[in-house]
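Student: I am new to this structure and would like a close look at a single part of it. Could you take me slowly through one sheet and whatever packs on it?

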Amino acid sequence: MTSEKTKQMLADLPHLPGVYKYFNKAGELIYVGKAKDLRKRVASYFTRDYDSRKTQNLVESINRLEFTIVNTERDALLLENSLIKHFQPRYNINLKDDKSYPFVVIKNEPFPRVFLARNWIKDGSEYFGPFTNVGKIKEMLELIRSLVPLRKNHTELFIRITENGKLKVSPEYYMKDGEQEEKILTMAEYNIGLQQVRNIFNGKFASVTRLLRKQLRENIEEMEFEKAERLQQKLEFIKEYRASSEIIDTKMGDLDVFTLRIEETQAFVNFLQVRKSAILQTNTFTFKPKLNTSKEEILVSAILYLQKRVKSLGKELIVPFVIEHPNLKSRITIPKRGIKRKLLKLSLKNLNYFCDNSKHYSVTEIMTKD
């Protein structure tokens with residue numbers, strides 16, 4: 001890569017957290033990296049000498065760069081891991097260990113165990129994650145277990161399956177909260193606890209928060225202030241966890257995310273391709289639509305063009321407003337909350353950065369609907 005091309009590549013990079021991808025002249029993805037500050041991290045490759053010959057070969061092979069802006073350094077870490085596992089770039093395999101982040105598992109069995117695991121086994125079990133902050137996830141599981149009984153292994157001391165197919169929970173399980181009575185649960189009752197796990201790790205915190213607040217009010221009315229204080233701490237933990245929840249969810253399926261920005265005679269469309277929990281592509285394209293076309297027509301035309309160009313057809317299209325897409329195989333979603341809304345905002349963040357900072361783009365003329 002020439003020094004002039006390097007300067008231009010670095011000039012377009014933001015001082016923001018994100019993931020960068022290096023490609024060689026053949027268009028092959030050769031390396032994926034994460035950064036707290038994209039510009040500083042990428043610049044370091046071209047402003048220092050390396051003792052490792054492998055690293056030097058990597059730098060000499062770089063011909064093109066793509067990057068994705070994310071919200072936090074932790075999001076960058078998780079996205080980097082997903083991309084490495086999906087693409088297995090040659091220099092990632094040579095230069096770094098393959099980190100494996102844990103999932104929360106609801107095991108496919110009677111009275112399912114709930115635990116952390118690093119390997120995904122196709123046995124009908126439910127998986128949530130992966131998660132980069134193991135400590136936070138363990139704390140969240142313990143919080144849920146303090147509200148409802150959940151098995152975590154085959155050798156539980158205070159919770160076991162009885163001979164007649166029910167669950168026996170001894171008072172010692174609730175020792176911290178002072179419960180005195182033995183509990184016998186049916187599978188239906190146990191499923192209530194499992195649903196709390198699903199809600200939390202699908203980003204749905206309302207039911208757990210309602211349960212905690214109800215117990216908090218009862219404790220205050222009964223003047224059990226120590227219990228009330230512990231519940232208040234749990235509510236604060238959920239609030240903190242919710243604020244920092246990660247953007248990737250393995251249950252999202254195949255998504256294509258699009259956002260649009262129109263300026264005078266040009267339109268800009270950002271495209272995020274999400275497959276199996278990883279944002280595989282992040283690109284912003286510049287179009288020159290025909291005159292007197294609506295934003296809906298522009299976006300539909302851009303989507304059709306991009307789907308053909310990048311050979312991508314997600315089962316679900318995430319867009320910022322209602323459109324009439326001619327391909328009925330794809331479901332159209334305008335999310336108002338949750339993980340898909342976060343992805344839409346992330347796409348818009350990348351789009352706005354491109355429009356406001358990149359001065360080097362080409363314009364593609366697209367046809368719009370008649």
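Tutor: What follows looks at one sheet, its strands and the helices that pack on it. The model is a predicted one, and its chain averages a pLDDT of 79, with 85% of the residues scoring at least 70. Within the chain, confidence is highest in strand β2 (residues 29–35), at a mean of 92, and lowest in strand β15 (residues 364–365), at 43. Over residues 360–370 the pLDDT is below 50, although this stretch still has 33 contacts in the model beyond near neighbours in sequence.

Strand β2 belongs to the sheet you asked about, an open sheet of three strands that are ordered β2-β1-β3 and paired antiparallel. Because β2 and β3 (64–69) stand at the edges and have a single partner strand each, one side of each is left without a neighbour in the sheet. From one strand to the next, the twist averages 20 degrees. Strand β1 (residues 18–23) runs antiparallel to β3 and is joined to β3 by six bridges, and along this pair Y22 stands opposite L65 in β3.

Two helices can now be added to the picture. Helix α2 (residues 38–46) packs on the sheet, where it touches β1, β2 and β3, and the direction of helix α2 makes about 30 degrees with that of β1. Helix α4 (residues 73–87) likewise packs on the sheet and touches β1, β2 and β3, while the direction of helix α4 makes about 165 degrees with that of β2.

Technical notes. Residues are numbered from 1 along each chain as its sequence is written. This is a predicted model: local features need pLDDT of at least 70, side-chain atom pairs count only at pLDDT 80 or more; totals for chains, interfaces and linings use all residues. Side-chain values use heavy atoms; hydrogens and water are left out. pLDDT is the predictor's confidence in each residue, from 0 to 100. Helices (H or I, at least four residues) and strands (E, at least two) are DSSP runs, numbered from the N terminus. Contact means heavy atoms within 4.5 Å. Two strands pair if DSSP finds at least two bridges between them. Axes are lines fitted to C-alpha atoms, for helices over the stretch in contact, and angles run from 0 to 180 degrees between N-to-C directions.
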